[in-house]
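Please load the coordinates in the viewer and display side chains as sticks. The tour below proceeds by selection, with a description of what is found at each stop.

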Amino acid sequence: MAGGNSNYWEDLRKQARQLETELDLKLVSFSKLCTSYGASHDDHRGRGSDTTPLLSSSSQDRMLDTLGVEIEQLLAKLTSVNDRMAEYTNTPSVTSLNAAVMHTLQRHRDILQDYTHEFQKTKGNFLAVREREDLLGSLKKEIDGTGVNNRRTELFLKENEHLRNIAMATKENMTSQRGMLKSIQSRVNSLANRFPAVNSLIQRINLRKRRDSFVLGGVIGICTILLLLYAFH
């Protein structure tokens, strides 16, 4: 019976790791597509309306929507696996291994939370970019259609493009750093599983890292608001 429970737990862990790997790959692809979406529009506007982008807006939208649905499905599956792992920890037969099992469960929960937060943030940024592109496109069409040379409107368009480029460059840099930090954290977690004494130190480092992330996000948000206020005045 104990062997059966052990096999069940290992099977759940295997499923969780497989889903986490798939999610990581798809989130990277999703982030790159979102970045290229804005870059292709910038390039198209910079060269003029006669050029045709490699992928039309509708094609990019369909690709992003499809990938977004796949990520949501994987997140739902990973949530289900985590729930079954939590149910397993409540069975009497794993009481003696409860500390190690709970540590593993918490690690998978943290990964799920990070992936969910990253997806929602990336998707939110993409929707904001698409809405801004639609607005800028409408304004440009109005200017081209009427032949009005409005200097203030041109400055507004350029300022918004500049702000968005800064935001996308910052996001791409943070995505790259996330990949490196995740690799390091995976190795550190492996050491923590072997040496429980290190576990408390790892938890303090994770708390410090999350606090720093919130501070960095707040600073970027404030800078963006100030730049937007400057642009509108």
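## Charged pairs and the nonpolar core

Select lysine 26 to begin: with a relative accessibility of 25%, this residue counts as partly exposed. The model is a predicted one.

Keep lysine 26 in view and add glutamate 70; the two form a salt bridge, in which the closest N and O atoms are 3.0 Å apart. Lysine 26 belongs to helix H1 and glutamate 70 to helix H2 (residues 57–89), so the pair ties together parts that lie 44 residues apart in sequence. Glutamate 70 is likewise partly exposed, at 29% relative accessibility.

Next, select glutamate 72 and lysine 123. These residues form a salt bridge as well, and their closest N and O atoms are 3.2 Å apart. Here the link runs between distant parts of the chain: glutamate 72 sits in helix H2 and lysine 123 in helix H3 (residues 98–146), 51 residues apart. With 37% relative accessibility, glutamate 72 is partly exposed; lysine 123 is partly exposed too, its relative accessible area being 32%.

Now move to helix H1 (residues 2–47) and select glutamate 10 together with arginine 13, which both lie in this helix, three residues apart, or about one turn. Their side chains meet in a salt bridge at 3.8 Å, N to O. Is each partner buried or partly exposed? Glutamate 10 counts as partly exposed, at 38% relative accessibility. Arginine 13 has a relative accessible area of 18%, under the 20% limit, and therefore counts as buried. In total, the model contains three salt bridges.

Leave the charged pairs and turn to the nonpolar interior. Which residues have the most contacts inside the largest nonpolar core? Select Leu23, Phe30, Ile71, Leu75 and Met85, which hold that position in a core of 27 residues. The elements that contribute two or more residues to this core are H1, H2 and H3. Helix H2 gives the most, with ten residues.

Finally, centre the view on methionine 85 and show its surroundings. Leaving aside residues up to four places away in sequence, methionine 85 touches Trp9, Leu12, Arg13, Ala16, Leu105 and His108. Arg13 in this list connects the stop with an earlier one: methionine 85 touches Arg13, and the side chain of arginine 13 also meets that of glutamate 10 in a salt bridge. Displaying methionine 85, arginine 13 and glutamate 10 together shows both the contact and the charged pair.

Key
Residues are numbered from 1 along each chain as its sequence is written. This is a predicted model: local features need pLDDT of at least 70, side-chain atom pairs count only at pLDDT 80 or more; totals for chains, interfaces and linings use all residues. Side-chain values use heavy atoms; hydrogens and water are left out. A salt bridge is a side-chain nitrogen of Lys or Arg within 4 Å of a carboxyl oxygen of Asp or Glu. Helices (H or I, at least four residues) and strands (E, at least two) are DSSP runs, numbered from the N terminus. Buried means under 20% relative accessible area, exposed over 50%, partly exposed in between (1.4 Å probe, protein chains only). A nonpolar core is a set of buried Ala, Val, Leu, Ile, Met, Phe, Trp, Tyr and Cys residues joined through side-chain atoms within 4.5 Å. Contact means heavy atoms within 4.5 Å.
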